[in-house]
Amino acid sequence: MAFYESELRGDFDELLAHIHETVMGKSMSASFEHGSDFGSDDNRCAVRVYERYSAFGSNRVSLSITLAKMGGRTYVSAVTSGGSQAMFFKINTVGEERFLRTLCDAMREYEVDDTPEE
């Protein structure tokens with residue numbers, strides 16, 4: 001399992017579309033499994049689940065993404081799963097980490113910089 005969380009700036013619907021286009025566009029084997037949306041104008045939540053084939057692990061990995069808007073703040077949380085090949089321990093999570101990196105790289109320009117100015 002690999003995970004990513006960040007506060008983002010930008011329009012909720014545009015961020016959601018950018019996430020979907022990025023995940024689907026970066027891998028020929030990516031598939032959109034399911035999504036759910038709920039909320040109102042000031043509070044919204046979108047959940048998306050994707051899968052793709054990992055040649056490195058010869059298996060499929062999943063990426064679950066939650067985009068939440070509360071008032072004027074928007075957050076993204078993403079978790080990968082399914083890349084391990086062992087029965088009792090997590091071995092070979094490279095496919096999960098690479099799948100997540102696709103999203104992380106695409107979100108970098110939208111991340112809110114919390115670094116205090118001097």
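What share of the 118 residues of the protein chain counts as buried? In this predicted model, the figure is 37%. The accessible surface of the chain comes to about 7300 Å². Carbon and sulfur atoms account for 52% of that surface.

The chain contains two helices and five strands. Along the sequence, these elements follow the pattern β-α-β-β-β-β-α. Contacts between remote positions are well represented. Among contacts with a separation of 6 or more, 53% join residues 24 or more positions apart.

Strand pairing was examined next. S3 (43-54) and S4 (59-70) run antiparallel and share twelve bridges. Within this pairing, Val-49 lies opposite Ser-64 of S4. S4 also pairs with S5 (73-81), again in the antiparallel sense, here over nine bridges. Leu-67 has Val-76 of S5 as its bridge partner. S4 and S5 form a hairpin, with two residues between the strands. Gly-71 sits in the turn and has a positive phi of about 65 degrees.

Helix H2 covers residues 94-107. Its 14 residues should span 20 Å at 1.5 Å a residue, and the end C-alpha atoms are 20 Å apart, so the expected and modelled lengths agree. Which residues of H2 are buried? They are Gly-95, Glu-96, Phe-99, Leu-100, Thr-102, Leu-103, Cys-104, Ala-106 and Met-107. An α-helix has 3.6 residues a turn, so residues three or four places apart point the same way. Several buried positions can be read in that light, including Glu-96, Phe-99 and Leu-103. The buried residues of H2 pack against helix H1 (12-25) and against four strands: S1 (3-8), S3, S4 and S5.

The structure holds one aromatic pair. The ring centres of Phe-32 and Tyr-50 are 5.5 Å apart, and the ring planes meet at 55 degrees, so the pair counts as tilted. The pair links distant parts of the chain, with the two positions 18 residues apart in numbering. Phe-32 belongs to strand S2 (residues 31-39), whereas Tyr-50 belongs to S3. Are these two residues buried or exposed? Tyr-50 is buried, because its relative accessible area is 0% and the cut-off for burial is under 20%. Phe-32 has a relative accessibility of 37%, so Phe-32 counts as partly exposed.

Key:
Residues are numbered from 1 along each chain as its sequence is written. This is a predicted model: local features need pLDDT of at least 70, side-chain atom pairs count only at pLDDT 80 or more; totals for chains, interfaces and linings use all residues. Side-chain values use heavy atoms; hydrogens and water are left out. The expected span of a helix is 1.5 Å times one less than its number of residues. Buried means under 20% relative accessible area, exposed over 50%, partly exposed in between (1.4 Å probe, protein chains only). Contact means heavy atoms within 4.5 Å. Accessible areas come from the Shrake-Rupley method with a 1.4 Å probe; for residues, only the protein chains shown count as cover. Rings of Phe, Tyr and Trp (its six-membered ring) pair if their centres lie within 6.5 Å; planes under 30 degrees apart count as stacked, over 60 as edge-to-face and the rest as tilted. Two strands pair if DSSP finds at least two bridges between them.
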